[in-house]
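Open the model in your viewer and keep the selection box at hand. This tour goes stop by stop, with something to select at each one.

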Amino acid sequence: MIKDNIEDIRCRINAAIAKANRSIDDIAVVAVTKTVQPDKIREAIGCGITDIGENKVQEATLKYNEIPKQVRWHMVGHLQSNKAKAAVEIFEMIHSLDSLHLAEAIDAQARKLDKTQKVLVQVNASGEEEKSGVAPEDLDSLLKEIDELKNISVTGLMTMAPIADNKEKARPYFRILRDLFESAKKKGYKRIKMQHLSMGMSEDFETALEEGANMVRIGRAIFK
Ligand SMILES: *Cc1c(COP(=O)(O)O)cnc(C)c1O
């Protein structure tokens with residue numbers, strides 16, 4: 001049952017937060033709804049979910065009108081610049097910004113809609129070749145360039161840990177992201193405000209919360 005799964009996750013979030021001596025108020029749960037049908041998504045919304053995440057623009061567009069308008073949509077998957085227009089129309093936040101080229105495409109589309117698009121910069125903390133995301137050493141120069149774009153607001157960072165059989169294996173990558181987040185806060189960018197640290201999925205969200213995540217993206221543990 002979706003309701004039981006969400007309750008179980010809330011308990012586990014509370015426990016991880018208590019363990020890390022943090023406050024529960026600032027944790028956002030993004031329910032990742034890729035491949036999930038609209039009736040199940042509405043059921044989750046009925047159980048208190050306010051933020052949903054999709055990893056494909058096309059799938060999100062197809063579902064968009066079947067979901068109550070009060071939820072916030074998050075783009076968590078890789079985004080191609082030719083899909084920037086549709087993405088800016090739907091998503092409150094894009095978690096997967098990883099190049100200046102994509103930033104410029106998003107900025108241009110957002111300007112047309114007179115919108116300031118919230119984005120997170122995705123970092124490839126583990127350095128795996130198949131993963132998208134900017135390399136940790138290139139983050140600062142990318143942020144400096146994006147800081148010049150007026151219709152984009154960078155509000156934080158996102159990463160995905162490598163798939164592993166053991167939750168502890170993700171911890172070093174979450175630490176890398178948290179350190180980048182803290183140092184970016186101190187850099188004195190003009191517009192960028194580091195607020196959201198998006199890390200942790202069904203298998204590793206407790207570890208991510210212990211390492212400072214304030215936004216977790218959970219799919220299978222809700223909709224299994
Ligand atoms: C699918 C997905 C998630 C959720 O993964 P689960 O293992 O189902 O919790 C989170 N983030 C991204 C980027 C995803 O693609």
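**Stop 1: two loop residues**

Select Thr35 to begin. Thr35 sits in the loop between β1 (28-32) and α2 (38-46). The model is a predicted one, so read each stop as a computed picture. Check the backbone here: Thr35 is not a glycine, yet its phi is positive, about 65°. Thr35 is also exposed, with a relative accessible area of 68%.

Now jump to Asp114. Asp114 lies in the loop between α5 (100-112) and β5 (117-122). Here too a residue that is not a glycine has a positive phi, about 55°. Is Asp114 buried or exposed? At 73% relative accessibility, Asp114 is exposed.

**Stop 2: the ligand**

Show the ligand and the residues around it. Select Val32, Lys34, Val76, Met160, Met201, Ser202, Arg217, Ile218, Gly219 and Arg220; they surround the ligand.

Which atoms should you pick out? Take Lys34: a polar atom of its side chain lies 2.7 Å from a ligand oxygen. Move to Ser202, where an N or O atom of the side chain is 2.5 Å from an oxygen atom of the ligand. At Gly219, turn on the backbone. A backbone N or O atom of Gly219 is 2.8 Å from an oxygen of the ligand. Taken on its own, the ligand has 390 Å² of accessible area, and the protein covers 92% of that.

**Stop 3: the loop after β5**

Select Ser126, in the loop between β5 and α6 (139-146). Add Glu128: the side chains of Ser126 and Glu128 are joined by a polar contact of 2.8 Å. Then widen the selection. Leaving out residues up to four places away in sequence, Ser126 touches Lys131, Pro162 and Tyr173.

**Stop 4: the nonpolar cores**

Hide the polar side chains for a moment. The largest nonpolar core has 67 residues. Which of them have the most contacts inside it? They are Ile106, Val121 and Leu157. Colour helix α1 (residues 2-19) as well: this helix gives the most to the core, with 6 residues.

Center on Val121. Setting aside neighbours within four places in sequence, Val121 is in contact with His95, Leu97, Val134, Leu139, Leu142, Leu143, Ile146, Val154, Gly156, Leu157 and Met158. Another core, of 5 residues, lies apart from the largest one. To find it, select Val30, Met93, Met158 and Met215, which are among its members.

**Stop 5: helix α4**

Select Ala87, in helix α4. Ala87 is buried, at 0% relative accessibility. Its contacts, neighbours within four places in sequence left aside, are Val57, Leu79 and Ile94. Draw a distance from Ala87 to Ala60, C-alpha to C-alpha: it reads 8.8 Å, for residues 27 apart in sequence.

Stay on this helix and show Lys85 and Glu89. Their side chains meet in a salt bridge, 3.1 Å from N to O. Why can they pair? Lys85 and Glu89 are 4 residues apart in helix α4 (residues 84-90), and so about one helical turn separates them. Lys85 is partly exposed, at 47% relative accessibility. Glu89 is partly exposed as well, at 45%.

**Stop 6: a salt-bridge network**

The structure holds 25 salt bridges. For the last stop, select Lys19, Glu168, Arg171, Arg175, Arg178, Asp179, Glu210 and Glu211, which salt bridges link into a network.

Zoom in on Arg178. One salt bridge joins Arg178 to Asp179, with the closest N and O atoms 3.9 Å apart. Arg178 is partly exposed, at 26% relative accessibility. Asp179 is partly exposed too, at 48%.

Arg178 also forms a salt bridge with Glu211, and there the closest N and O atoms are 3.4 Å apart. What does this pair link? It links distant parts of the chain. Glu211 is in the loop between α8 (205-210) and β8 (215-218), Arg178 is in helix α7 (residues 171-185), and their positions lie 33 residues apart in sequence. Finish on Glu211 itself: it is buried, with a relative accessible area of 4%.

Definitions and conventions: Residues numbered from 1 in each chain as written. Predicted model: local features only at pLDDT ≥ 70, side-chain atom pairs only at ≥ 80, totals over all residues. Heavy atoms only, no water. Core = buried A, V, L, I, M, F, W, Y, C linked by side-chain atoms within 4.5 Å. Buried < 20%, exposed > 50% of the residue type's maximum accessible area, 1.4 Å probe, protein only. Contact = heavy atoms within 4.5 Å. Salt bridge = Lys/Arg side-chain N within 4 Å of Asp/Glu carboxyl O. Near = heavy atom within 4 Å. Polar contact = N/O pair within 3.5 Å; in protein donor to acceptor, adjacent residues only side chain to side chain. Areas by Shrake-Rupley, 256 points an atom, 1.4 Å probe, with all protein chains shown as cover.
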